[in-house]
Amino acid sequence: MSTTDPRPRFVSGAPRHLTPAPRWIADELLGGRPAAGTDTPPVTIREARADDAGDSGVAGYRALRRAVFCVEQGLFPDRPTADLDDHDADPRVVVLLAHDADGTLLGGVRLGPARAAHPDIGWWTGSRLVVAPTARRRTGVRVGAALVRAACARAEAAGVLRFDADVQAAGAVLFDRLGWARVRDCEVAGAPHVTMRWPVTRVQDLVVATKAPLGALVGGLGPAGFVGDDGAPVPGTDVVACCDAIVPAMVERDPEWAGWAGVLVNVNDLAAMGAAPVGLLDAVGARDASFAHRVLSGVRAAADAYGVPLLGGHTQLDVPAALSLTALGRTDRPVPAGGGRAGHRVRLTTDLGGGWRPGYTGRQWDSTTSRTRAELAATVGAIGPDAPHRPAAAKDVSMAGLAGTLGMLAEASGVGAVLDVAAVPRPDGATAGDWFTCFPGFGLLTADDPGAPAPDAGPAVSAECGELVPGAGVRLRWPDGEQTEAVTAGVTGMGRAGAPAHHPEEIR
């Protein structure tokens, strides 16, 4: 890259580790390509810890903040620590620093958890955005816009589900142009500001990708009261049938884990219906016998771990990788997903043990392969036929993630939902964004009257973390009382499940 190349470069750590960025990154961060023929030096944005005062970049950034906020604008008294606060001492907070080719600091921005003395629940704020006076009119490079866009990308990469900033009133127009939403007017350091919010659409994007087409494809399929449920009660019997397939790419990439996961998702579906599993059937496609053996090894291992007999199935060779399983269970009182109503409390029962499955970090949490048969049976039987209490509605957390699955339960019940972010049980090794959108191994969402007893799910934990409300969609409720939209409306388009022929409590 020549010294006249206008494209920014992004690094983590010392400036000597500069790596060229592709053209599309420059276009995205700078809001458009600079005019042809400009002789603009490259801009590098690097990250440092906000509390690392020994870092020359952080020291320069603090000095620039003093020059602009204390001296130029008079927002704070002119002394070295006037504009410092708890966020500058929080080791989780980062600063993004924009440098010229010769190392000159052009500007910086600070971002991290909104509450310095509290756990990171996926709520971050950006603050102390500053651009050097000499960099405010740089031809072809919009330093402030580049820093704001980089901050949004960095926050989302950290699993943030809410990202706010209190912006000086004069600068709010820049944030408007960059896609931020205005929340309210406010005051900071005696000066008018505007609280702005970056629209984090991670949950909605997952819902659209995984569940939105279902209404047009399978809408209305299933017995009355169980449309779109995790399983289907077989009419005239106490049998519940479930069927799930594993994504072919996953079968090809990790056949043993795919076999295990095929059993896992089907047994979880039975668990959400309140049914005790009695048997499994599999259908396997493989390029050869050796590959089929690997898939079936995973299926057998999981069936043995759960103590569910593998009854048979179908295997075909010389075909692309494929795996689906059917699970059969029994209960005379199936629990519907559509049994909720406004005013019901939402509870998450989930196993926080284990960790990310290797190769699936941020997407699949493996809490099951390390559990004993007794522990797995306890999770599966949490609301099963022998449970002392069965909730009004239930659904297991699957491809749509926690928030998306709650949206499916609410949709089937003809209501909306609010999820209290801080009350959601979450393992230490998962960000809020990852945990709200991943497959958690075992995760059971239930809705019931306030004060209803928690399911006994062995090693799993259980906590009330929301409620069903009139309306549609899912909103996230934060400790300051703010609510942000996670799911805009119905998830699948299948609508309300309708009433079953008999109330589940009357089925005998």
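Modeller: Quick definition before we start: two strands count as paired if DSSP finds at least two bridges between them. Keep in mind that this is a predicted model.

Biologist: Okay, in what order do the 7 strands of the open sheet run?
Modeller: The pairing in this sheet is mixed. From one strand to the next, the twist averages 30°. Reading across, the order is E17-E19-E14-E20-E18-E21-E22.

Biologist: Which strands have one side left without a neighbour in the sheet, and why?
Modeller: Look for strands with a single partner strand. Those stand at the edges, so one side of each has no neighbour in the sheet. They are E17 and E22, the latter spanning 483-487.

Biologist: What is the bridge partner of leucine 419 in E20?
Modeller: Start with the two strands: E18 (residues 416-420) and E20 (residues 461-469) run antiparallel. They are joined by 4 bridges. In E20, leucine 419 is partnered with glycine 466.

Biologist: And helix H11, what angle does its direction make with that of E17?
Modeller: H11 covers residues 401-413 and packs on the sheet. The strands H11 touches are E14, E17, E18, E19, E20, E21 and E22. Its direction makes an angle with that of E17 of about 145°.

Biologist: Now the second largest pocket: which residues are closest to its centre?
Modeller: That pocket holds about 1,200 Å³ of space. Its lining divides into 25 nonpolar, 8 polar and 9 charged residues, with at least three drawn from each of domain 2 and domain 3. Of the 42 lining residues, the closest to the centre are Lys211, Asp244, Ala245, Ser398 and Met399.

Note on methods
Residues are numbered from 1 along each chain as its sequence is written. This is a predicted model: local features need pLDDT of at least 70, side-chain atom pairs count only at pLDDT 80 or more; totals for chains, interfaces and linings use all residues. Side-chain values use heavy atoms; hydrogens and water are left out. On a 1 Å grid over the protein atoms alone, a cavity is a set of points where a 1.4 Å probe fits but cannot get out, and a pocket is an open set with protein on both sides within 12 Å along at least five of seven lines; lining residues have an atom within 4 Å of a point. Grid points are joined across faces, edges and corners, and a volume is the space filled by probe spheres set on the points. Ala, Val, Leu, Ile, Met, Phe, Trp, Tyr, Cys and Pro count as nonpolar, Asp, Glu, Lys and Arg as charged, and the others, Gly among them, as polar. Domain bounds come from an automatic or database domain assignment. Axes are lines fitted to C-alpha atoms, for helices over the stretch in contact, and angles run from 0 to 180 degrees between N-to-C directions. Contact means heavy atoms within 4.5 Å.
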